[in-house]
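Good morning, everyone, and thank you for making room for me today. I would like to walk you through one structure, slowly, and I will try to say for each point what it rests on.

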Amino acid sequence: MRPKTVFCCSECGYESPKWMGKCPQCGTWNSFAEFTPVEQPTGKHGLRSSNTQPARITEINLDDEQRLSTGMEELDRVLGGGAVLGSFVLVGGEPGVGKSTLLLQICGSMCREHTVLYVSGEESARQLKLRANRLGVNEPELYLYAQTKVEDVIAAIDKLSPELVIIDSIQTVFCGN
């Protein structure tokens with residue numbers, strides 16, 4: 001079966017089954033790009049549950065929930081006991097406050113026991129390595145990848161199968177053709 005192709009407006013996200021010259025939602029001209037949606041994962045660590053029926057809150061079991069410690073007690077507390085497997089965490093803040101430094105420090109702790117892929121769309125691998133050296137982060141299970149193309153990032157994830165992926169910063173990543 002051939003994958004379904006859709007066209008998406010790069011300005012507002014409007015989706016159409018065919019290319020359009022002008023977006024009917026935001027009115028922008030020539031903003032549609034073709035892409036093939038990625039099939040949503042299912043299962044224990046996927047985003048979608050295999051249970052498709054509504055369940056009472058009292059019947060939902062939390063015993064299977066696995067959390068990974070970030071190695072930073074305060075961050076683990078904010079995350080409710082660590083990062084939940086299969087979850088997404090957005091770290092935000094003004095430019096220059098230390099988000100990338102914090103993320104590399106998390107890598108330094110987590111890659112002692114887990115494989116970590118750190119994707120940077122703003123800095124080269126060499127720049128990341130220099131910052132990591134200043135922070136004392138030099139674990140062999142930390143992989144640095146300077147990339148902004150989603151398809152290449154997904155290919156790297158498929159190849160390495162890391163337990164943690166950090167994308168710094170998500171606003172620099174794009175879908176290419």
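I will begin with the overall layout, then go through a small sheet, an aromatic pair, a helix, the salt bridges, and finally some features of the backbone and the surface.

Before anything else, please keep in mind that what you see is a predicted model. The secondary structure of the chain comes to 4 helices and 8 strands, and if you follow the elements from the N terminus on, they run β-β-β-β-α-β-α-β-α-β-α-β. The chain has 177 residues, and 26% of them count as buried.

Let me turn to the sheet. An open sheet is formed by 3 strands, whose order is β2-β1-β3 and whose pairing is antiparallel. Because β2 and β3 stand at the edges and each has a single partner strand, one side of each is left without a neighbour in the sheet. Looking at one of these pairings in more detail, β1 and β2 run in the antiparallel sense and are joined over 2 bridges, and you can find F7 standing opposite S16 in β2.

Next, the aromatic rings. How many aromatic pairs does the structure hold? The search gives 1 aromatic pair, and its members are Y14 and F32, with 6.4 Å from centre to centre and 90° between the planes, an arrangement called edge-to-face. The pair links distant parts of the chain, since Y14 sits in the loop between β1 (6-9) and β2 (15-16), while F32 belongs to strand β3 (residues 32-35), and the two are 18 residues apart. Their surroundings can be compared through their accessibility: Y14 counts as partly exposed because its relative accessibility is 28%, whereas F32, with a relative accessible area of 8%, is buried.

Now to helix α3, which covers residues 125-135 and in which L128, R131 and A132 are buried. These buried residues lie on the same side of α3, because they cover an arc of only 100° around the axis. On the face of α3 turned away from the buried side, you will find the exposed residues R126 and R134.

One name from that helix, R131, comes back when we look at charged side chains. In general, side chains of opposite charge can pair when their charged atoms come close. A search of the whole structure finds 4 salt bridges, and I will describe some of them. The side chain of R131 meets that of E123 in a salt bridge, at 3.0 Å from N to O. Are these two residues buried or exposed? Both R131 and E123 turn out to be buried.

Another salt bridge joins R56 and E59, with the closest N and O atoms 3.8 Å apart, and here both R56 and E59 are exposed. A further one brings together the side chains of R112 and E139, at 3.7 Å from N to O. Since R112 lies in the loop between α2 (99-110) and β6 (116-120), and E139 in the loop between α3 and β7 (142-146), this pair ties together parts that are 27 residues apart in sequence. R112 counts as exposed because its relative accessibility is 57%, while E139, at 27%, counts as partly exposed.

Let me move on to the backbone. Phi of N30 is near 50°, which is a positive value in a residue other than glycine. N30 is placed in the loop between β2 and β3, and with a relative accessible area of 59% this residue is exposed. S161, likewise not a glycine, has a positive phi of about 50°, and its place is the loop between α4 (150-160) and β8. With 53% relative accessibility, S161 counts as exposed. Further along, the peptide bond from D168 to S169 is cis, with omega near 0°, and S169 is found in the segment after β8.

My last stop is the surface. Which residues form a nonpolar patch there? They are L90, V165, I167 and I170, and together they have about 370 Å² of accessible area. Of these, V165 has its place in strand β8 (residues 164-168). A residue counts as partly exposed when it falls between the buried limit of 20% and the exposed limit of 50%, and therefore V165, at 31% relative accessibility, counts as partly exposed.

That is where I will stop, and I am glad to go back to any of these places with you.

How values were computed:
Residues numbered from 1 in each chain as written. Predicted model: local features only at pLDDT ≥ 70, side-chain atom pairs only at ≥ 80, totals over all residues. Heavy atoms only, no water. Patch = residues over 30% accessible without salt bridge, like charges linked within 9 Å, V, L, I, M, F, W, Y side chains within 5 Å. Areas by Shrake-Rupley, 256 points an atom, 1.4 Å probe, with all protein chains shown as cover. Buried < 20%, exposed > 50% of the residue type's maximum accessible area, 1.4 Å probe, protein only. Phe/Tyr/Trp six-rings, centres within 6.5 Å; stacked < 30°, edge-to-face > 60°. Pairing = 2+ DSSP bridges. Arc of directions from axis to C-beta.
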